[in-house]
Amino acid sequence: MRQFDFMSKRRAAFIVSIVLTIVAIGALVIHGLNLGLDFTGGTLVEVKYQVAPALESIRQTLDAAGYKDVSVQTFGASNEILVRLQQSFEAGIGNDIVAQLQGTGDQVSLVRAEFVGAQVGDQLRDQSGLGMLLALAVVMVYVAFRFQYKFALGALISLGHDVVILLGIFALFGFDFDLTVLAAVLAVIGYSLNDTIIVYDRIRENIRKSRTDDMPAIFNDAINATLSRTLSTSGTTLLVLLALFFLGGDMIHNFAIALIIGVVAGTFSSIYVAAALLLVVGLKRVDLIPPPKEQFEDGAP
Amino acid sequence: MLNRYPLWKYLVICLVLAVGVIYALPNLYPEDPAVQISAASGAEAVDQQDLDRAISALENAGITPKSQELNGSTGLIRLTSNDQQLRAKELVSDTLGDNIIVALNLADATPAWLSSLGASPMKLGLDLRGGVHFQLEVDMDAAVKQRLEVNASAIKEILREERIRYRGSEVNDGTLSLTFSDGDDLSKSRSLISRDFQDFEFDERDVERGSVLDLKLTATAVKQIQDYAVNQNLTTIRNRVNELGVSEPLVQRQGPNRIVVELPGVQDTAAAKRVLGATANLEFRLEATNDTPASEMESFAFRSQPGRTANIMKDVIISGDSVSSASTSFDESGRPQVNINLDGTGGSIMNRVTRAAIGRNMAVLFIEHKTRTRTTMEDGEKVEKRIPYTEKGLISLATIQSALGNRFRITGLDSPTEAKELSLLLRSGSLAAPIYFVQERTIGPSLGAENIASGILSVELGLLLVVLFMLARYKAFGIVANVALTANLAILIAAMSMLGATLTLPGIAGIVLTLGMAVDANVLIFERIREEMRTKMPLHQAIHTGFERAFTSIVDANITTLLVAVILFSIGSGPVKGFAVTLSIGILTSMFTAIMMSRGIINLAIGGKTLKKLWI
């Protein structure tokens, strides 16, 4: 079995990670996340056609008219169409849309124009952010308890790294960030942690077995030993995610994208970032194996 | 002895697998699209005749129903395809008329022998079967204000009785302010009020030419009122949803002031919203006579003829709250009417008042509280404002021929639909506080069917890919992992069916993801076995050590993922919850199948045999 010297390349890996993270944060600051209807609230317009229209042509008409993120579906009867829009509610929007649709020569009438409450979205947003932080905190406590606090620190930073990169890519490309994508982000935390824990578990085992203090060598051994497992599991997970991506339908598309990005980033970070961070935080043998206390002979008779 | 399992372990594995397969089976029988027919009011029932009429109407339109059944007072017509469902609903609804509720339904098609074991398929979420999701917010401020106003009139009554004069009263910002010109009057009324009302905190302040007594509800009282308002609204909405005739509706409190309503199969959200959010009520009042002082009467227009008005008394005899049951029918000339039964108290009040007023006219006043939502710009930010207003209009004005009891009828309604909705509202009770729709989602049945199809396809393809990958990479051991994986899928689906979990689209994504991650434990174990083999360890020993050493890694990794899934469940709503449930159950079942079951298969195959080579 070939042994890769991962640790000697840790500087290059760090630079890649840091650059990616900075780009991601930059994208988040400049573009911001393209929050979906769940978080922003939004507008909904129902129209009625004389004859059942083709949904695709409505989508194209509205797209051409400059309405963004339009979703079109039938509503009850096949000639009643529901249009959802990302933008905030405006008094005349229902009529504007009907005017656009009538432009193509169909007979269209407005049934209603409504909106999804914005404060619901605000609350959900706060709750979700809180949930993400809570997930990270609980995980850190567990790792600190099962391993040692330096491991917890390493795991936390590498998880944060994955999440920031994932969010950054979503911001950069303007993918819709809705509730299902949030679920995907939390699943990525779980997945990437899973990977990291496996590597850490091996590092702990090797430190206990070995007699050297050569941490980079021990880490290299551990990463190499778990490498084929890491790649196999990432491989099967990516396979099913690709199935979801291509076949799962529109509603699950962004969810699959988020997980694919997350699995790739998580695999990279569990190999390069998580273990290398243990060197940065200065993990030593004594952190896992307390030095034997000096024993005094009991002098009393 | 290495790699041998005691008999009981094999039995446990077989038992779990058998239970898993049996309880997962019902999901293989797709539910039939169906229309459900039930009577609008509890008194009537759907009979075979109605069902026959519906069937022949369907057959005339070229739709051949799959089967029909009559369960007690509701009928069910199963159809062969989803496309026919909406059309069938319209047809049946037109044929059977307004007193019959026709609802879209998905009918269970589980064979009898499975049902007898208590097995049933997973419920499908709204995103998979179509329907509407509402989130309603209860207006807490309005609930408090209403209570204050009720208290205000009671307090004014007491002050009048005790002949204490007050200059004015107003309810503002959760505070009831009474203005007195005299400090003595203020302290006298303060002690009177505090004797009868324990829920107030008092505050006094001086204003120009007088002093003001501020009454504020205590925090506990406010909380009680709000709790009451939400719970009361929950009950009312539940009643109304039941009246809508939806199968398997969900009405649930969410957070301190929200109510979630999910109506599977409902497509006409406009009607559902009208009924759920309606605050219509009735008031019965006498018409004013010529010598009624102007301060005791009010003038209202008729709802059907806006130009015509009538003067009626301010005193209310009874309101819709005293109605115990209501139904619709048609009067002699074919106009819709609502038949009303009053409860005991309401009946005796009505009897007492009408007995003394024979020959006078009695007015039925229709009251509806509505709100307009306006978005205005304030300090550069959009602010939503709700402006409440009340619509009142006369429905009828009829001469009292004789003393009324607890049964009578109301005519003068615009349409059968209005009559039906009014009787529904009177039956289900009024809302304790206004509610607003803060969220609304509709998923059409076509989208739902599309989601199911693509979901199933991606589960199948995902499974196939993982199976091929494991075979290629681990050969004979790959077969073991694949058997464990398939068993895992069956047990996962069985567990979700048994727990009554609802399958949503993110839930399906969770299943697919679980498939990918479930083999992780097997991968860990197999890699470890390979590693031990490289150290020239005897093969049986290598298998044993591989399982043993991989165990702590598997447990640590799965527990942390489980922790995240639990957090996901506790903070999430709707779609996120569905995903979290599948993920958590998937982690647990995969630990069983990957560790115990695959070990069992390996032990059974090679336990006790001498091995020369491992196909791994």
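Here are short questions and replies on a predicted model.

Me: Why is Asp32(B) called buried?
Reply: Its relative accessibility is 9%. Buried means under 20%. The value 9% falls under that limit, so Asp32(B) counts as buried.

Me: What makes the contact of Asp32(B) and Lys66(B) a salt bridge?
Reply: The N to O distance between their side chains is 2.7 Å. The cut-off is a Lys or Arg nitrogen within 4 Å of a carboxyl oxygen of Asp or Glu. So the pair qualifies as a salt bridge. The pair links distant parts of the chain, 34 residues apart. Asp32(B) sits in strand β1 of chain B, and Lys66(B) in the loop between α2 and β2 of chain B.

Me: How many salt bridges does the whole structure hold, over all chains?
Reply: A search finds 29.

Me: How do you know that Asp227(B) and Lys223(B) are separated by about one helical turn?
Reply: They are four residues apart in helix α8 of chain B, which means about one helical turn between them. They also form a salt bridge, with the closest N and O atoms 3.3 Å apart. That is within 4 Å, so the name fits.

Me: Why is Lys223(B) called exposed, and Asp227(B) partly exposed?
Reply: Exposed means over 50% relative accessible area, and partly exposed lies between 20% and 50%. Lys223(B) has 52%, so Lys223(B) is exposed. Asp227(B) has 29%, so Asp227(B) is partly exposed.

Me: Are Arg528(B) and Glu532(B) buried or exposed, and how do you know?
Reply: Arg528(B) has a relative accessibility of 5%. Glu532(B) has a relative accessible area of 6%. Both values are under 20%, so both residues are buried. Salt bridges that share partners join these two into one network with Arg202(A), Glu205(A), Lys209(A), Glu531(B) and Arg549(B).

Me: What makes Arg528(B) and Glu532(B) a salt-bridged pair?
Reply: Their side chains meet at 3.5 Å, N to O. The limit is 4 Å, so this pair counts. Both residues lie in helix α13 of chain B, four residues apart.

Me: Why is α1(A) called oblique to α6(A)?
Reply: The two helices pack at an angle of about 45 degrees. That makes α1(A) oblique to α6(A), because roughly parallel needs an angle under 35 degrees and roughly perpendicular needs 65 to 115. Their axes are 8 Å apart. The crossing is left-handed.

Me: Why is Leu468(B) called partly exposed?
Reply: Its relative accessible area is 48%. Exposed would need over 50%, and buried would need under 20%. So Leu468(B) is partly exposed. Leu468(B) lies in helix α12 of chain B. A nonpolar surface patch of about 490 Å² includes Leu468(B), and among its other members are Leu461(B) and Ile479(B).

Me: What is the phi of Arg163(B), and how do you know that Arg163(B) is exposed?
Reply: Phi is near 55 degrees, a positive value in a residue other than glycine. Relative accessibility is 75%, which is over 50%, so Arg163(B) counts as exposed. Arg163(B) is in the loop between α6 and β7 of chain B.

Me: Why is Lys536(B) called exposed?
Reply: Its relative accessible area of 74% is over 50%, so the word applies. Lys536(B) is in the loop between α13 and α14 of chain B. Its phi is positive, about 65 degrees, although Lys536(B) is not a glycine.

Conventions
Residues are numbered from 1 along each chain as its sequence is written. Chains are lettered from A and ligands numbered from 1 in the order in which they are written. This is a predicted model: local features need pLDDT of at least 70, side-chain atom pairs count only at pLDDT 80 or more; totals for chains, interfaces and linings use all residues. Side-chain values use heavy atoms; hydrogens and water are left out. Patches are made of residues with over 30% relative accessible area and no salt bridge: like charges are joined within 9 Å, nonpolar side chains (Val, Leu, Ile, Met, Phe, Trp, Tyr) within 5 Å. Accessible areas come from the Shrake-Rupley method with a 1.4 Å probe; for residues, only the protein chains shown count as cover. Buried means under 20% relative accessible area, exposed over 50%, partly exposed in between (1.4 Å probe, protein chains only). Axes are lines fitted to C-alpha atoms, for helices over the stretch in contact, and angles run from 0 to 180 degrees between N-to-C directions. Angles under 35 degrees count as roughly parallel, over 145 as roughly antiparallel, 65 to 115 as roughly perpendicular and the rest as oblique. A crossing is left-handed if the near helix is turned anticlockwise from the far one by less than a right angle, and right-handed if clockwise.
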